Amino acid sequence: MAVDELQAIIQRCQILEEADFKGEDFNLFQVAGQKCLEDGHAAQLLEVIQNEKNKVIIKNMGWNLISPLVRCIFTYEQEDDKREQCLRILDQLAQLCNPKELFLGLLEQIEQTSGEQVCQTVMLLLQPLQTVLLKLQNKKAYSVGLSLAMIMNQLTPLPVPYTKQQIQEDKLGLCQCCNAVVDFAKPFVNEVVKNMEKSSEYNDMELKEELIKFCMKSLKYPLLTAQLEQLEGIEEHPFRHFATEIIVSAVEINYNVCRSSGLEFADIERKNSADSLSCLSYLIFVQHLGVDCFPVVFRLMSYMYIVLASFFSFSHLQDLFESCLLRMEDNSLLHHYLEFRDFINVPQDLVKIMTLCPMEHMGKKSLNILQLFIDKFDTEGKYTLFRCLLKTSNHAGVEGYIIKNIKDQIHLALTKEYDNIWFTGHHLISLLDLVLSLPEGAETDLLQNSDRIMASLNLLRYLVIKDCESDNETGVWTTLGKIEQNFLKPLRVGLNMSKAHYEAEIKNKKENRKEADSSNTVCSVTVSGEKMPPMTTGMQLQVLHSALFTFDLIESVLARVEELIEVKTKAVMDENS
C-alpha cells in the first residue's frame, strides 16, 4: 500500500517540470516515503531513489526523508539488512539531493537529537554532512562553521569519560564521536593548507577562522577535563589521539596563516576563553602532544598568567608552567618582557597561591615555580621583580624569601669578575631602602613580620662582613646612617617594647595559673593580631614563650650586626688617625 502510494506520486511528478513542483507534492512524497520506511519497504524506496528517471524529484524532495530515515535506522539492529538498506538510502540522498536543502535537513536533525542518541546521531550524519559541505560553493566557510558549532554544542552537555573503565566502555560514544568529528573536519583543514601552499595571496580567512574556533572549542570540551595520562591496557588513548589531531590541525592552519599574513595565533580567535589556551599549553608542554610540530612555543609564555588564574578549577596546569620554564635557560629572559602585564602578573598570582591556597603541596609547588621564574630573567629583570614583589606581596614570609634572593644576587655581583650595576651601587641602595625598613617603625608587629626582619638582618650582616668600607661596592657604608635611623634603632625600640609586653603577660599568666588549673579554665589568647583557638593557661604560656624566643633570636642577630658595624667603623677610624 505505502509503495503504491509512493509510485503514484512519483509518476505524477515525473511529467512535471522542476519549477512546477508544489508544496502539496513535497508533503505527499514525504508521507509516502515515511510509510515505506516504517512498513519495512526500504529496499523498494531505495530502488525509487536510484532510478535515473526520478533524479530531479529526489534532488528537490529527497531531503524531506532525512528525519524518518534516521528514526528507522535506530530501530534496526546493527546487522539487520533493512538497516543497511536505510544507510544506502542516506548515502544516495547525500549524492543526489540539493546540497543547500539537504545541509539544512541534516543540521536540523542533529539539533533535535538529545540524550543518549546525540553521539549516535552525529556519527551517523557526519559522512553525508561532509559530502554536502564539499559540494557547496557559496557560504562554504559559514556552513562548515555552523556545522562544527552545532555538533560541539550538542556534545558539550555530555559527561566526559574519565576512569579507565569509563573510557573503555565509552557508554555514550563520546570518545568515538570526538575522533569522528576531527576526521570530518580534515578535508576542510587540508583545503586551507593546500590553497595556502598554492598561493601566498590566498586570503579567504573565513574558513580558517571557523576551523580555529572549532579547535579552540575542542580544547575546552572535552579536553580540558579529560583524563590524558597513558592508561595500561588501552593501546590508543582516544582523547590523546583526539588532542594530537586538534593540535596538528590548529598548527597547520595557523602556521600558514602566520606565514602569509603575519597574524598571531591568538589574533585569529582572540575571544576564546583562558581555559582553551591553558589546555593547549598543557597538552603541548606537559603531555608533549603535538610539541614537535608547534612552531610558536615561546609565544605561549604570554599566556602563563592564565594558567595561574585558572588554578582553582585546573590545578595541574602548574605542571605546565614548570615544564615551560624548565625548557628555558637561566638568565635568558630580558627585563623588557616585564613591561607586559601578563609577565608581571605571573609572580603575583604565584604568591596568591602560595599564601592563600589551603593545599600545602600546591603552595610549595608555586614557591618552586616562582624561583624558576625569577631565575630565567636577566639581572635587571630580577631587580624589577624583587622591587615589585616587595611592594605587592603583603606577606612577611614571601618578603623574607625575596630578601634571601636579593642576598644571593649581591653575592654573585661581588664575587664575579663582570660588573653588575643592579645589585651594587645606587641601584642596590634604592632596593635596600625597601628591605631595611619597618612598615610601621617601632610599632611594627615584630612577631608577624619576623621572617622579613630576620632575612633583612642577615642581609645587612652579610653586607657589613663582605663589603669593606674602603671598597664600598654595595654602597651600604654610604647609607649606613639612614639604615640605623630607619631600621636598626626602631627595631631595637620595638624589641624592647614587645619583650616587655610578653614578659608581663607571662608573669600575669603564671600568677593566675594555680587558680586557672584548679578550675580547668579554658580561654583564648591573641597573637600577632590573630585570635588563637581556646587554650588552657599552660598552652597559652607555651605560645608566649615561643614568641619571646623569636624576639631573642632577632635580638641576637641585631646585636651581632651592631657589633660588626661598630668594629669595622672603629677600624677605619683607627687607620685614618
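The legends below describe close-up views of a predicted model.

**Figure 1. Overall composition of the protein, a predicted model with 26 helices and two strands.**
Of the 577 residues in the protein, 49% are buried. Among contacts with a separation of 6 or more, 74% join residues that are 24 or more positions apart. The views that follow take up individual helices, loops and residues.

**Figure 2. Packing of helix H12 against helix H15.**
Helix H12 covers residues 205-220 and helix H15 covers residues 274-285. Two packed helices are described by the angle between their axes and the distance between the axes. For H12 and H15 the angle is about 80° and the axes lie 8 Å apart. Angles of 65 to 115 degrees count as roughly perpendicular, and H12 and H15 are therefore roughly perpendicular to each other. On the H12 side, the contact is formed by Met216, Leu219 and Lys220. On the H15 side, Asp275, Ser276, Leu277, Cys279, Leu280 and Leu283 take part. The residues of this contact comprise six nonpolar, one polar and two charged.

**Figure 3. Helix H12 and the cis peptide bond between Tyr221 and Pro222.**
The 16 residues of H12 reach 23 Å from the first C-alpha to the last, close to the 22 Å expected at 1.5 Å a residue. The buried residues of H12 are Leu207, Lys208, Leu211, Ile212, Phe214, Cys215, Met216, Ser218 and Leu219. Two of these, Met216 and Leu219, also belong to the contact with H15. Tyr221 and Pro222 are joined by a cis peptide bond, with omega of about 10°. Pro222 is located in the loop between H12 and helix H13 (238-261).

**Figure 4. Helix H19 and its buried residues.**
Helix H19 comprises residues 360-375. At 1.5 Å a residue, its 16 residues should span 22 Å, and the end C-alpha atoms are 23 Å apart, which agrees. Buried in H19 are Met362, Gly363, Ser366, Ile369, Leu370, Gln371, Leu372, Phe373 and Ile374.

**Figure 5. Surroundings of the buried residue Asp25 in helix H2.**
Helix H2 runs over residues 23-38 and contains Asp25. The relative accessibility of Asp25 is 4%, so this residue counts as buried. Apart from neighbours within four places in sequence, Asp25 is in contact with Ile9, Arg12, Cys13, Leu16, Asp20 and Met61. Cys13, one of these partners, also counts as buried, because its relative accessibility is 1%.

**Figure 6. Surroundings of Ser147 in helix H9.**
Ser147 is part of helix H9, which spans residues 140-155. With a relative accessibility of 0%, Ser147 counts as buried. When residues up to four places away in sequence are not counted, Ser147 touches Phe103, Leu107, Leu129, Leu133 and Phe184.

**Figure 7. Two loop residues, Lys139 and Asn394, with positive phi.**
Lys139 is not a glycine, yet its phi is positive, at about 55°. Lys139 occupies a place in the loop between helix H8 (118-135) and H9. Since its relative accessibility is 66%, Lys139 counts as exposed. Asn394 likewise has a positive phi in a residue other than glycine, with a value near 50°. The loop that holds Asn394 lies between helix H20 (379-392) and helix H21 (396-415). Asn394 is exposed, with a relative accessible area of 68%.

**Figure 8. Cys86 and the cysteine sulfur closest to its own, in Cys72.**
A disulfide requires sulfur atoms within 2.5 Å of each other. The sulfur of Cys86 is 5.6 Å from that of Cys72, too far for a bond. By this rule, the count of disulfides is zero. Cys86 has a relative accessibility of 1% and so counts as buried.

**Figure 9. Lys510 of helix H24 and its contacts.**
Helix H24 covers residues 480-511 and includes Lys510. Lys510 is in contact with Leu541 and His545, leaving aside neighbours within four places in sequence. Lys510 and Leu541 are 31 residues apart in sequence, and their C-alpha atoms are 8.0 Å apart in space.

Note on methods
Residues numbered from 1 in each chain as written. Predicted model: local features only at pLDDT ≥ 70, side-chain atom pairs only at ≥ 80, totals over all residues. Heavy atoms only, no water. Axes fitted to C-alpha atoms, helices over the stretch in contact; angles between N-to-C directions. Helix = DSSP H or I, 4+ residues; strand = E, 2+ residues; numbered from the N terminus. Parallel < 35°, antiparallel > 145°, perpendicular 65-115°, else oblique. Contact = heavy atoms within 4.5 Å. Nonpolar A, V, L, I, M, F, W, Y, C, P; charged D, E, K, R; others polar. Buried < 20%, exposed > 50% of the residue type's maximum accessible area, 1.4 Å probe, protein only. Expected span 1.5 Å × (residues − 1).
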